[in-house]
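Reader: I'd like to go over the charged pairs in this one. Can you put it up?

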Amino acid sequence: MNAPPSFESFLLFEGEKKITVTKDTKVPNAAVFLVMKEDHTLGNLITMQLHKDPQVLFAGYKVPHPLEHKFVLRVQTTADYTPQEAFTNAITDLISELSLLEERFKEAVKDKQEGLE
C-alpha cells in the first residue's frame, strides 16, 4: 500500500518545527504559515477565527496534498498589525472559546446526571 505509516500524521520528526512563518514578498503585510502534522480541522478553525478580526484583510488555507499532514495558511493584515499578531490572537481566542465550551459542556452533563438521579 502507498499510504504513509499512521504515526507520521501526528509525530514531528527530529528537527521538524510545528509552525514555520515566511514573509510574503508579493503582498504587503502578509505572511505564510506552514503548520505541520495538522489538517482541515485546525486550518478551518484558525481561518474562521482570523475572519472575525477586523484588521485581517485576507485569511485562507490549503492542504497541499491529501496524504501530507500539513496545511498552508496565508494571512494579510492592515499596516499597523502584523500577521504574526493576528495568528497569535486567533489562537488565544480559540483557546478561550474552547475552554468555555468545555466548561459549559461539563455543566450540562452534570445537570443532566443530577436530573436522572
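Author: What follows is about salt bridges in this model, which is predicted.

Reader: How many salt bridges does the structure hold?

Author: The structure holds five salt bridges. One of them joins the side chains of Glu 38 and Lys 18, at 2.8 Å from N to O.

Reader: Which parts does the pair Glu 38 and Lys 18 tie together?

Author: Glu 38 sits in the loop between β2 (30-36) and α1 (40-51), and Lys 18 in the segment before β1 (19-23), so the contact ties together parts that are 20 residues apart in sequence.

Reader: Is Glu 38 buried or exposed? And Lys 18?

Author: Glu 38 is partly exposed, at 24% relative accessibility. Lys 18 is partly exposed too, with a relative accessible area of 32%.

Reader: Moving on. What about Arg 74 and Asp 24?

Author: Their side chains meet in a salt bridge, 2.6 Å from N to O. Arg 74 belongs to strand β4 (residues 70-77) and Asp 24 to the loop between β1 and β2, so this pair links distant parts of the chain, 50 residues apart.

Reader: Why does Asp 24 count as buried?

Author: Because its relative accessibility is 9%, and buried means under 20%. Arg 74 is partly exposed, with a relative accessible area of 36%.

Reader: Anything within a helix? Where are Glu 102 and Lys 106?

Author: Both are in helix α2 (residues 83-116), and because they are four residues apart there, about one helical turn separates them. They form a salt bridge, with the closest N and O atoms 3.3 Å apart.

Reader: Is Lys 106 buried or exposed?

Author: Lys 106 is exposed, at 52% relative accessibility, while Glu 102 is partly exposed at 44%.

Notes
Residues numbered from 1 in each chain as written. Predicted model: local features only at pLDDT ≥ 70, side-chain atom pairs only at ≥ 80, totals over all residues. Heavy atoms only, no water. Salt bridge = Lys/Arg side-chain N within 4 Å of Asp/Glu carboxyl O. Helix = DSSP H or I, 4+ residues; strand = E, 2+ residues; numbered from the N terminus. Buried < 20%, exposed > 50% of the residue type's maximum accessible area, 1.4 Å probe, protein only.
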